Amino acid sequence: MAKKIVGFIKLQVPAGKANPSPPIGPALGQRGLNIMEFCKAFNALTQNMEPGMPVPVVITAFSDRTFTFITKLPPISYYLKKAAGLPKGSQTPGQSVAGQVSVAQVREIAAAKMPDLNCHTVEAAMEMVRGSARSMGLQVVE
């Protein structure tokens, strides 16, 4: 018989830097899950990634206090900031331009994020990436 799912916990954790401090400790602790077990498993899984890269993770908690987790690709904003060489986006998006990204960089980001996006073609994914760039105050140039 399948285990009963108690809930899902969605977190964004830096790659290789999971520790029991907030937000991980309180989120897992209130479900009664083993925090150190998650931290060790997550750090082992993300050790080959760039250190500090934000990794979204979805933890499935079961009624017998066990869990499984799935890691996803970093957010589009992380890739856009990296491509533009910026520490952060614009303070006033739509009014000031923080930087520029090329169409080739947008296509590369869209192709990398395809498994996590809700679209079927690279062109549709590129439009999603362009929307994120616009909301960060980045300009897409030819």
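Met 126 is found in helix H5, and in this predicted model the residue counts as buried because its relative accessibility is 6%, under the 20% limit. Leaving aside neighbours within four places in sequence, Met 126 is in contact with Val 103, Val 106, Arg 107 and Ala 110. Val 106 and Met 126 are 20 residues apart along the chain, and their C-alpha atoms are separated by 6.1 Å.

These contacts belong to the meeting of two helices. The axes of helix H4, which covers residues 103-113, and helix H5, which covers residues 122-135, come within 8 Å and cross at roughly 110°. Because angles of 65 to 115 degrees count as roughly perpendicular, H4 is roughly perpendicular to H5. The crossing in which H4 passes H5 is right-handed. On the H4 side the contact involves Val 103, Val 106, Arg 107, Ile 109 and Ala 110, and on the H5 side it involves Val 122, Glu 123, Ala 125, Met 126, Val 129 and Arg 130. Sorted by class, the residues in the contact of H4 with H5 are eight nonpolar and three charged, with no polar residue. An α-helix has 3.6 residues a turn, so residues three or four places apart point the same way.

Helix H4 also takes part in a contact with helix H3. The axes of H3 and H4 come within 11 Å and cross at roughly 150°; because angles over 145 degrees count as roughly antiparallel, H3 and H4 are roughly antiparallel to each other. H3 passes H4 in a crossing that is right-handed. From H3 the contact is made by Ile 76, Tyr 79, Leu 80 and Ala 83, and from H4 by Gln 105, Ile 109 and Lys 113. By class, five nonpolar residues, one polar residue and one charged residue make up the contact of H3 with H4.

Within H3 itself, Ile 76, Tyr 78, Tyr 79 and Leu 80 are buried. The buried residues of this helix pack against two helices, H4 and H5, and against the strands E2, E4 (99-102) and E5 (138-141). Just after H3, Gly 85 takes a positive phi of about 70°.

Leu 80 of H3 reappears in the description of the largest nonpolar core, which has 35 residues; Leu 11, Ile 24, Phe 38, Ile 59 and Leu 80 touch the most other members of this core. At least two residues of the core are supplied by each of strand E1 (5-14), helix H1 (24-29), helix H2 (35-45), strand E2 (54-62), helix H3 (76-84), H4 and H5. In soluble globular proteins, nonpolar side chains tend to be buried together. When residues up to four places away in sequence are not counted, Phe 38 touches Ile 24, Leu 28, Val 57, Ile 59, Phe 67 and Phe 69.

One of the residues touched by Phe 38 is Phe 67, whose place is in strand E3, residues 67-71. Phe 67 counts as buried because its relative accessibility is 15%, again under the 20% limit. Leaving aside neighbours within four places in sequence, Phe 67 is in contact with Leu 33, Asn 34, Glu 37, Phe 38, Ile 59, Thr 60, Ala 61 and Phe 62. The C-alpha atoms of Phe 67 and Gly 7, which lie 60 residues apart along the chain, are separated by 9.8 Å.

Thr 60, one of the contacts of Phe 67, is found in strand E2. With a relative accessibility of 10%, Thr 60 counts as buried. Not counting residues up to four places away in sequence, Thr 60 touches Ile 5, Gly 7, Phe 8, Thr 66, Phe 67 and Thr 68.

The chain as a whole can be described in similar terms. The secondary structure of the protein chain comes to five helices and five strands, and, read along the sequence, it follows the pattern β-α-α-β-β-α-β-α-α-β. Taken along the principal axes, the C-alpha atoms of the protein chain fill a box of roughly 55 × 30 × 30 Å. Of its 142 residues, 34% count as buried. Among the contacts in the protein chain with a separation of 6 or more, 61% are accounted for by residues 24 or more positions apart.

Notes. Residues numbered from 1 in each chain as written. Predicted model: local features only at pLDDT ≥ 70, side-chain atom pairs only at ≥ 80, totals over all residues. Heavy atoms only, no water. Axes fitted to C-alpha atoms, helices over the stretch in contact; angles between N-to-C directions. Helix = DSSP H or I, 4+ residues; strand = E, 2+ residues; numbered from the N terminus. Parallel < 35°, antiparallel > 145°, perpendicular 65-115°, else oblique. Left-handed = near helix turned anticlockwise from the far one by under 90°. Contact = heavy atoms within 4.5 Å. Nonpolar A, V, L, I, M, F, W, Y, C, P; charged D, E, K, R; others polar. Core = buried A, V, L, I, M, F, W, Y, C linked by side-chain atoms within 4.5 Å. Buried < 20%, exposed > 50% of the residue type's maximum accessible area, 1.4 Å probe, protein only.
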